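Please work through the exercises below with the structure open beside the text, trying each task before reading its solution.

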Amino acid sequence: MNTDNRSTGRPRQVAMVIRNAYVITMDGSDRIIENGAIAIDGGRIVAVDTDEAIGARFASDRVIDAKRAPVHPGFVECHMHASFQSFRGAMPDQLAEVDAFNSFESVFFNTVNDEEEYLAVVLASMEMIRNGTTCFLEAGTVLEPSAAARAAERVGIRAVIGDAFIWDQPQGMSQGMLETGCAGCDAAAKARPTLARAPRTYDEAVSRMGGELHRNDDPDALVTGHVVILGLGTASERLMMVAKERADAAGVVLNLHQSYSPADTEADRQRYGGVDPLVHLKEIGFLDRNVVFGHANHLTDAECEAILETGPSLAWAPAASMMWGHGGSIHGRHAELWRRGANIALGSDSANWSNDFDIWRQASLAVLSARDSHGDRGYLIAEDGLAMATRAGAHACGMEDRIGSIEVGKRADIVIHTLDRPEMIPTTNMIRNLFYSSRSKSVHTVIVDGRVVLEDGRFVDLDEPEILAEINEASLALIGRMGKTIEPNRLPRGTR
């Protein structure tokens with residue numbers, strides 16, 4: 001690759017140069033260039049070096065002075081439901097999880113229209129950009145995927161999307177909500193609400209599966225497709241293996257929920273004849289490097305060995321487990337698996353299961369909860385959290401050759417922070433200040449695919465106040481059509 005014009009002695013003209021930066025490359029050697037610079041052209045990184053070297057070799061009409069602040073690769077969100085933002089905060093804390101699908105989720109999906117989904121994904125995308133996330137892997141629950149694509153493109157965030165509710169036994173959603181082995185469980189499950197726009201049968205699910213893969217025909221597309229099934233007991237083994245075959249043939253990741261709560265994990269174990277779920281999936285040839293499991297909070301020793309042997313990714317969403325008290329931060333094996341070489345990425349899940357799309361928050365919870373549960377301050381460190389949010393996330397999305405680090409040839413998905421925050425002062429150790437103090441609060445400028453999306457804390461091409469007002473009005477109208485009122489939290493307390 002021709003990176004400059006040293007043969008002529010003249011600097012090469014490029015689209016953009018970031019100078020005077022503390023560059024956290026997150027490359028294979030975790031290189032940090034304290035007074036560094038980055039040259040960008042054609043949406044790609046063409047050089048990463050010292051500020052002096054880049055200044056001598058490259059020139060641009062668009063120069064961004066980072067003012068010695070940290071610059072790092074954009075974060076990658078690996079497990080999120082983009083449309084739930086429309087009813088963020090509507091579910092009271094006292095709502096039992098057994099009622100969440102019946103009284104909120106199913107009603108939402110049977111009420112929401114395509115324009116409301118579009119606005120919800122715009123909201124989620126804006127939030128992610130503000131928090132330094134430049135790519136997201138959607139969990140397969142946007143009923144109209146083209147709405148998600150259109151929203152991502154409008155905001156300017158990279159997205160990997162799939163088809164909605166690919167399942168052939170939707171009553172499996174009752175796993176964990178019914179007693180394992182009870183005689184009336186199947187009938188009770190089938191009596192639960194159905195989703196009018198979701199597949200009902202194997203044939204219908206197969207016909208819809210992979211419908212977004214056409215987006216991969218353009219190698220430079222901002223929005224690409226993958227294969228996704230819902231998981232959590234809603235797919236037969238036959239459907240799961242078809243999904244694996246399609247993902248393999250297309251060269252994309254296969255994304256699904258797995259082992260979120262103790263109850264759904266045990267229900268899977270029972271349907272697999274008493275065999276640990278991931279052990280069974282290994283036995284049938286499902287586990288592989290291109291599979292990414294959302295959550296995977298409850299794993300046995302044998303399942304950990306299966307993961308290490310076959311190489312799937314786990315999208316760790318610590319806040320989603322904590323929000324509902326499922327014990328993933330206490331009993332989860334993510335940190336242990338990371339230390340043993342597994343690929344662990346991070347996810348925010350959804351509104352009402354985490355309530356914000358901020359991978360800095362998830363990384364912080366991951367590191368701190370791992371230290372607490374293992375009783376060891378050094379069990380995970382800040383650099384582990386950054387690696388999960390960048391390189392590991394890119395790998396989980398099947399995009400490690402394109403994003404996840406600041407290296408020559410990769411797409412220019414870059415976050416620039418500011419030192420003009422109390423949390424960043426004094427400038428002792430940039431990584432520790434970022435990770436433990438400022439996190440997303442110091443995000444200043446965000447670049448996606450070589451284009452500045454957020455600059456000096458403001459969206460370049462969006463009227464943010466106007467958009468937020470429109471989304472708020474539409475969301476409250478949707479909640480009204482759902483027949484919901486916003487209840488206060490109630491927590492009975494004893495008195496003395």
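**Exercise 1.** Which kind of contact do the side chains of Arg 458 and Asp 456 form, and what is the N to O distance? Then work out where Asp 456 lies.

Solution. The model is a predicted one, and in it the side chains of Arg 458 and Asp 456 form a salt bridge, with 3.6 Å from N to O. The next step is to place Asp 456, which is found in the loop between strand E19 (451–455) and strand E20 (458–459). Its backbone deserves attention as well, since the phi of Asp 456 is positive, near 55°, although the residue is not a glycine. Turning to accessibility, Arg 458 counts as exposed because its relative accessibility is 56%, and exposed means over 50%. Asp 456, with a relative accessible area of 45%, is partly exposed.

**Exercise 2.** Find the salt bridge between Glu 127 and Arg 88, and explain which parts of the chain this pair ties together.

Solution. The side chains of Glu 127 and Arg 88 meet in a salt bridge of 2.8 Å, N to O. Glu 127 belongs to helix H3 (residues 114–130), while Arg 88 sits in the loop between strand E8 (75–80) and helix H2 (97–109), so the pair ties together parts that are 39 residues apart in sequence. As for accessibility, Glu 127 is buried, with a relative accessible area of 14%, whereas Arg 88 counts as partly exposed at 32%.

**Exercise 3.** Is Arg 57, the salt-bridge partner of Asp 49, buried or exposed? Go on to find how many salt bridges the model contains.

Solution. The side chains of Asp 49 and Arg 57 form a salt bridge at 3.6 Å, N to O. Arg 57 has a relative accessible area of 16%, and because buried means under 20%, Arg 57 is buried. Asp 49, at 25%, is partly exposed. The count for the model comes to 36 salt bridges, and a network of salt bridges links Arg 44, Arg 158, Asp 220, Arg 411, Asp 413 and Asp 449.

**Exercise 4.** Which residues of helix H8 are buried, and against which elements do they pack?

Solution. Begin with the helix itself, which covers residues 262–271 and in which Asp 264, Thr 265, Ala 267, Asp 268 and Arg 269 are buried. These buried residues pack against strand E13 (254–258), helix H9 (277–283) and helix H10 (301–310). Now look at both sides of the helix along the chain. In the loop between E13 and H8 lies Ser 259, whose phi is positive, near 50°, in a residue other than glycine, and Ser 259 counts as buried at 1% relative accessibility. After H8 comes Gly 273, which has a positive phi near 70°.

**Exercise 5.** Which residues form a negative surface patch, and which peptide bond is cis with an omega of about 0°?

Solution. The negative patch on the surface is made by Asp 463, Glu 466, Glu 470 and Glu 473. Of these residues, Glu 473 can be placed in helix H17 (residues 464–481), and with 61% relative accessibility Glu 473 counts as exposed. For the second part, the cis peptide bond joins Ile 425 and Pro 426, with omega about 0°. Pro 426 is located in the loop between strand E17 (414–417) and helix H16 (430–438).

Key: Residues numbered from 1 in each chain as written. Predicted model: local features only at pLDDT ≥ 70, side-chain atom pairs only at ≥ 80, totals over all residues. Heavy atoms only, no water. Buried < 20%, exposed > 50% of the residue type's maximum accessible area, 1.4 Å probe, protein only. Helix = DSSP H or I, 4+ residues; strand = E, 2+ residues; numbered from the N terminus. Contact = heavy atoms within 4.5 Å. Patch = residues over 30% accessible without salt bridge, like charges linked within 9 Å, V, L, I, M, F, W, Y side chains within 5 Å. Areas by Shrake-Rupley, 256 points an atom, 1.4 Å probe, with all protein chains shown as cover. Salt bridge = Lys/Arg side-chain N within 4 Å of Asp/Glu carboxyl O. Lys, Arg positive; Asp, Glu negative; His and termini not counted. Charge placed at Lys NZ, Arg CZ, Asp CG, Glu CD.
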